[in-house]
Amino acid sequence: MRTIPREMKHAVMIIMGGKEPGESCPEATQDVTLNLKNRDKAISKAAYGPENPKLPNTEFWMRKAEKWDVAIKDAKMSRCGNCSAFNQDEEMQSCIAEGIGDEGDPWAVIEAGDLGYCEIFDFKCAASRSCDAWIVEDEEVDTELEE
C-alpha cells in the first residue's frame, strides 16, 4: 500500500476539508439532534441546568448544595464556565459557529449564551449552567495547593 508523503497529506487535507487529522469538530457541534440527545443525557444523568439561569432557581441550587454538601452561595459558584471540562478555546468556538450555520449570526448566538463545549457529555453548553459532574479548574486547584 502506498502512503502519501507528509507534506502532501497536509495539502490534501486542506483541499478535502480544510482540517488536518485530529482537528475535526466534535460531531455534536455539527449535528443538532445529537447535541440535544447528549444534552438530555446530561440533564437526566447529572442534573444539568437550570433551564433558565437568569431566574433565581432556588430549588435547583438547593439540590446542588445538598448534593455537594456546601452552602447555596458556594454551589452557585460551580458553573459550567469554570468547569475543567468546559471548552471555550478558539477552535471549539469555530466548530460551534460552523455548526450553527449561516442562518443568522452564529457568533452572536455563542456570545449571548456564553457557549462552550462540555467534554464530559459532548454537547454545546452554556457557561451559566451547572451539573453534578462539575470539575474544579486546574488553576483553582493550584491556587488552593499554594495557600
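Why does Asp74 count as partly exposed? In this predicted model, the Asp74 side chain has a relative accessible area of 33%, so it falls between the cut-offs for buried and exposed, under 20% and over 50%. Its salt-bridge partner is Lys73, with N and O 3.5 Å apart. Lys73 has a relative accessible area of 62% and is therefore exposed. That pair is a handy way into the rest of the chain, starting with the overall layout.

The chain is built from eight helices and three strands. Going along the sequence, these elements come in the pattern α-α-α-α-α-β-α-α-β-β-α. Out of 147 residues, 30% count as buried.

The strands make up an open, antiparallel sheet in the order 1-2-3. Strand 1 and strand 3 sit at the edges with a single partner strand each, so one side of each has no neighbour in the sheet. As a reminder, strands of a sheet pair through backbone hydrogen bonds, either parallel or antiparallel. Here, strand 1 and strand 2 (residues 115-118) are joined in the antiparallel sense by two bridges, with Phe86 opposite Cys118 of strand 2. On the other side, strand 2 pairs with strand 3 (residues 123-126) over four bridges, again antiparallel. Cys118 turns up here too, with Phe123 of strand 3 as its bridge partner. Further along this pairing, Gly116 is matched with Cys125 in strand 3.

Strand 2 and strand 3 form a hairpin with four residues between the strands, and in it Asp122 takes a positive phi near 55°. Asp122 also belongs to a surface patch of negative charge, together with Asp89, Glu90, Glu91 and Glu119. Asp89 comes from the loop between strand 1 (86-87) and helix 6 (90-100). With a relative accessibility of 39%, Asp89 counts as partly exposed.

Next, the salt bridges. The structure holds three of them, and the Lys73 and Asp74 pair described above is one of these. Another joins Arg63 to Glu59, where the closest N and O atoms are 3.9 Å apart. Both residues of this pair lie in helix 4, four residues apart, or about one turn of the helix. Arg63 and Glu59 are both exposed.

The salt bridge between Lys64 and Asp132 has an N to O distance of 2.6 Å. This pair ties together distant parts of the chain, since the partners are 68 residues apart: Lys64 belongs to helix 4, while Asp132 is in the loop between strand 3 and helix 8 (138-146). Lys64 has a relative accessible area of 3%, so it counts as buried. Asp132 is partly exposed because its relative accessible area is 24%. In other words, a buried lysine meets a partly exposed aspartate in this salt bridge.

The backbone has a few quirks as well. Most residues other than glycine have a negative phi, and most peptide bonds are trans. Against that background, the peptide bond from Gly49 to Pro50 stands out as cis, with omega near -5°. Pro50 is placed in the loop between helix 3 (32-46) and helix 4 (58-68). Ala47 is found in the loop between helix 3 and helix 4 as well, and although it is not a glycine, its phi is positive at about 50°. Ala47 is partly exposed, because its relative accessible area is 30%.

A positive phi, of about 55°, is also seen at Asp69, which is not a glycine either. Asp69 sits in the loop between helix 4 and helix 5 (72-75). Its relative accessibility of 70% is over the 50% cut-off, so Asp69 counts as exposed. Along with Asp122 in the hairpin, Ala47 and Asp69 complete the positive-phi residues described here.

Key: Residues are numbered from 1 along each chain as its sequence is written. This is a predicted model: local features need pLDDT of at least 70, side-chain atom pairs count only at pLDDT 80 or more; totals for chains, interfaces and linings use all residues. Side-chain values use heavy atoms; hydrogens and water are left out. Patches are made of residues with over 30% relative accessible area and no salt bridge: like charges are joined within 9 Å, nonpolar side chains (Val, Leu, Ile, Met, Phe, Trp, Tyr) within 5 Å. Accessible areas come from the Shrake-Rupley method with a 1.4 Å probe; for residues, only the protein chains shown count as cover. A salt bridge is a side-chain nitrogen of Lys or Arg within 4 Å of a carboxyl oxygen of Asp or Glu. Lys and Arg count as positive and Asp and Glu as negative; His and the chain ends are not counted. The place of a charge is taken as NZ of Lys, CZ of Arg, CG of Asp or CD of Glu. Buried means under 20% relative accessible area, exposed over 50%, partly exposed in between (1.4 Å probe, protein chains only). Two strands pair if DSSP finds at least two bridges between them.
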